[in-house]
Amino acid sequence: MINLSLDASTTCTGWSIFDDDVLIDYNKIKPTILKLEWRDRIINMIPQLHEIMKEYKPKKIYCEDVPLMDKRGKLTLVQLGAVQGSIIGASSFHNIETEFINVGTWRKDIGLYDGTESGKERDNLKAHSIELANKLFGLDLNCIYTKSGNYNSDKSDDDISDCILMYASTREKYKVHKEKKEKIRTVENLNRRILKWEYPKTIQH
């Protein structure tokens, strides 16, 4: 069955097409006109989404849900809500079932979080997403850093990797099961203990 997965925002929407467990195609949707107000960016991108739906005729759409809170502020929630509404309208027009998935749920189910404090940071999650998608599906998605060592989201492909992994998290073939998670967590905890361990100070007589 053909499915469409979306990681949507007002600036860029990553999309991927799956036939059950098989990744068929993927790319990004971006505004075709520069410096548009955020509502106009949505209006500009939705026709591109319609074209993808018409070309691939997916039976179901998977989309990341809007969080109830966001560190970037209330405006971000308003914008993401507007994007979600436009997707609901487009999927309804094409009579396609749509499922919204919580970001924490799909990241947990695909094993994206590495168990470290730094692993919770947004940029690290994005970089890890690209790394994992490349590994699971043999891709070469871009993960770009600035000269100062900061993650560059504008030039990286985390929009694509996120939508790929979000759909993969719903499939038994790719889902990380509890037993496997516990094994990974045990190994990571052991490694952290080893790294923190220090030789005892020499006792001088």
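This passage describes the fold, the largest pocket, one helix and the internal cavity of a predicted model.

The chain contains 6 helices and 5 strands. Along the sequence, these elements run in the order β-β-β-α-β-α-β-α-α-α-α. Of its 205 residues, 40% are buried. Long-range contacts are well represented. Among contacts between residues at least 6 apart in sequence, 59% link residues at least 24 apart. The accessible surface of the chain amounts to about 13,000 Å². Carbon and sulfur atoms account for 53% of that surface.

The largest pocket has a volume of about 1,400 Å³. Its lining comprises 45 residues. Asp70, Arg72, Arg107, Arg122 and Lys126 lie nearest the centre of this pocket. By class, 19 of the lining residues are charged, 16 are nonpolar and 10 are polar. Several elements contribute to the wall. Strand 4 (60–64), helix 2 (74–93), helix 3 (103–110), helix 4 (122–137) and helix 5 (158–168) each provide at least two lining residues. Helix 2 gives the most, with 6 residues.

Helix 4, one of the contributors to the pocket lining, was examined further. This helix has 16 residues. From its first C-alpha to its last, helix 4 spans 22 Å, close to the 22 Å expected at 1.5 Å a residue. The buried residues of helix 4 are Leu125, Lys126, Ala127, Ser129, Ile130, Leu132, Ala133, Asn134 and Phe137. Lys126 is thus listed both among these buried residues and among the residues nearest the pocket centre. The buried residues of helix 4 pack against two strands and two helices: strand 2 (13–19), strand 3 (22–29), helix 3 and helix 5. Gly138 follows helix 4 and has a positive phi, near 65 degrees.

Enclosed space was also located. Rolling a probe the size of a water molecule over the atoms shows where empty space is left. The structure holds 1 cavity of 30 Å³ or more. About 90 Å³ of space lies in the largest cavity. Its lining consists of Leu6, Ala8, Ser9, Thr13, Ile29, Ile42, Met45, Ile46, Leu49, Val83, Ser86 and Ile87. Helix 1 (38–56) and helix 2 each supply at least two of these residues. The largest share, 4 residues, comes from helix 1. The cavity lining has 9 nonpolar and 3 polar residues, with no charged residues. The lining of the largest pocket, by contrast, includes 19 charged residues. Helix 2 contributes to the linings of both the pocket and the cavity.

Key. Residues numbered from 1 in each chain as written. Predicted model: local features only at pLDDT ≥ 70, side-chain atom pairs only at ≥ 80, totals over all residues. Heavy atoms only, no water. Buried < 20%, exposed > 50% of the residue type's maximum accessible area, 1.4 Å probe, protein only. Contact = heavy atoms within 4.5 Å. Areas by Shrake-Rupley, 256 points an atom, 1.4 Å probe, with all protein chains shown as cover. 1 Å grid on protein atoms, 1.4 Å probe; cavity = no way out; pocket = protein on both sides within 12 Å on 5 of 7 lines; lining within 4 Å. Points joined across faces, edges and corners; volume = space filled by probe spheres on them. Nonpolar A, V, L, I, M, F, W, Y, C, P; charged D, E, K, R; others polar. Expected span 1.5 Å × (residues − 1).
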